[in-house]
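Student: I would like to test the labels on this model one at a time. Can we go through them together?
Tutor: Yes. Ask for the reasoning behind each label.

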Amino acid sequence: MALRRRHHASLLLCAVLASLVAGSTAGVYHIVGAGKGWRMPPNKTYYDDWARSKHISVGDKLMFLYRSGVHNIVEVPSRILFDACSMRNITNRYQNGPTIIELTKPGQRYYFCGIGEHCEVGQKLAINVSNVAAPQPPDDKDDDDDDAASSHRLFVHPARLAAACLVYALLFC
Ligand SMILES: [Cu+2]
């Protein structure tokens with residue numbers, strides 16, 4: 001019984017890692033808020049500033065790093081609801097951190113934290129999803145720490161991990 005449960009856990013882990021790898025070829029992962037993750041920010045424009053520095057397009061993924069129960073993510077359909085931190089008309093709610101959201105459509109998206117007064121102090125993110133992908137960074141240019149490139153670099157490691165996990169799955173699952 002215990003063995004069977006472990007079996008399930010490892011299969012699940014394999015599936016998650018495999019999907020991370022499969023996904024990483026399709027778009028760019030954006031870690032929302034960079035090093036701060038998803039939390040009450042040091043200032044009200046923190047996530048605005050973060051979003052402004054990014055080119056986010058269809059197929060990209062937003063990764064919200066937070067602890068379940070401490071923060072969550074709600075999505076609302078309009079700027080008015082977003083500005084008011086209003087949960088009157090939520091289109092999506094995510095509460096198990098970390099959360100990865102794949103952006104499948106172009107246009108404006110509005111997210112904020114629905115816990116306490118977190119939204120009021122600036123834990124909110126409005127983005128514009130473009131249907132044009134960011135240009136690929138050329139290989140022969142000096143490495144100026146392009147955002148897209150660094151996002152990809154972050155995922156080299158899980159890719160290797162997943163490869164190892166797939167081998168494990170083939171042998172033991
Ligand atoms: Cu919060």
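Student: How many bridges join β2 to β5, and do they run parallel or antiparallel?
Tutor: Four bridges join them, and the two strands run antiparallel. Pairing needs at least two bridges. Four bridges are found here, so β2 and β5 count as paired. One example is Lys61, whose bridge partner in β5 is Glu102. Bear in mind that this is a predicted model.

Student: What makes β1 and β2 a pair?
Tutor: Three bridges join them, and here the sense is parallel. The cut-off is at least two bridges, so three bridges qualify them as a pair. Ile31 stands opposite Met63 in β2.

Student: Why is the pairing in the sheet β1-β2-β5 called mixed?
Tutor: Set the two pairs side by side. β1 and β2 run parallel. β2 and β5 run antiparallel. Both senses occur in this open sheet of three strands, with the order β1-β2-β5. The twist averages 25° from one strand to the next.

Student: Why are β1 and β5 said to stand at the edges?
Tutor: Each has a single partner strand, so one side of each is left without a neighbour in the sheet. β1 covers residues 29-31 and β5 covers 99-102.

Student: Which elements make the right-handed β-α-β unit?
Tutor: β1, α2 and β2 make it. The label right-handed is used because, with the strands pointing away from the viewer, the path from the first strand over the helix to the second runs clockwise.

Student: Which residues of β2 lie on its covered face, and which on its uncovered face?
Tutor: Leu62 and Phe64 are on the covered face. Lys61 and Met63 are on the uncovered face. In a regular strand, side chains alternate between the two faces of the sheet.

Student: What is the order of the sheet of four strands?
Tutor: The order is β4-β3-β6-β7 in an open sheet, and the pairing is antiparallel. β4 and β7 are its edge strands, because each has a single partner and so one side without a neighbour in the sheet. Ignoring direction, neighbouring strands of this sheet are turned by 20° against each other on average.

Student: How do you know that β6 and β7 pair?
Tutor: Count the bridges. There are six, in the antiparallel sense. At least two are required, so the pair passes. Phe112 shows one of the links, with Lys124 as its bridge partner in β7.

Student: Which members of the largest nonpolar core touch the most other members?
Tutor: The core has 18 residues, and Val32, Phe64, Ile73, Val74, Tyr111, Phe112 and Leu125 touch the most others. At least two residues each come from α2, β2, β3, β6 and β7. The largest share, three residues, comes from β3. To belong, a residue must be buried, with 20 or more other C-beta atoms within 10 Å.

Student: What is Tyr111 in contact with, leaving aside neighbours within four places in sequence?
Tutor: Ile73, Val74, Glu75, Lys124 and Leu125. A contact requires C-beta atoms within 7 Å.

Student: Why is Ala34 called partly exposed?
Tutor: Ala34 has 14 other C-beta atoms within 10 Å. Buried needs 20 or more, and exposed needs 12 or fewer. A count of 14 meets neither, so Ala34 is partly exposed. This residue sits in the loop between β1 and α2. Its phi is positive, about 50°, although it is not a glycine.

Student: What makes Cys85 partly exposed?
Tutor: Its count is 18 other C-beta atoms within 10 Å. Against the cut-offs of 20 or more and 12 or fewer, 18 falls in between, so the label holds. Cys85 lies in the loop between α3 and β4. Cys85 also has a positive phi, about 55°, and is not a glycine.

Student: What makes the peptide bond between Gly97 and Pro98 stand out?
Tutor: It is cis, with omega about -5°. Pro98 is in the loop between β4 and β5.

Student: Where does pLDDT stay under 50?
Tutor: Over residues 140-157, and again over residues 160-173. The protein averages a pLDDT of 78, and 63% of the residues score at least 70.

Conventions
Residues are numbered from 1 along each chain as its sequence is written. This is a predicted model: local features need pLDDT of at least 70, side-chain atom pairs count only at pLDDT 80 or more; totals for chains, interfaces and linings use all residues. A nonpolar core is a set of buried Ala, Val, Leu, Ile, Met, Phe, Trp, Tyr and Cys residues joined through C-beta atoms within 7 Å. Two residues are in contact if their C-beta atoms, placed from the backbone, lie within 7 Å. Axes are lines fitted to C-alpha atoms, for helices over the stretch in contact, and angles run from 0 to 180 degrees between N-to-C directions. pLDDT is the predictor's confidence in each residue, from 0 to 100.
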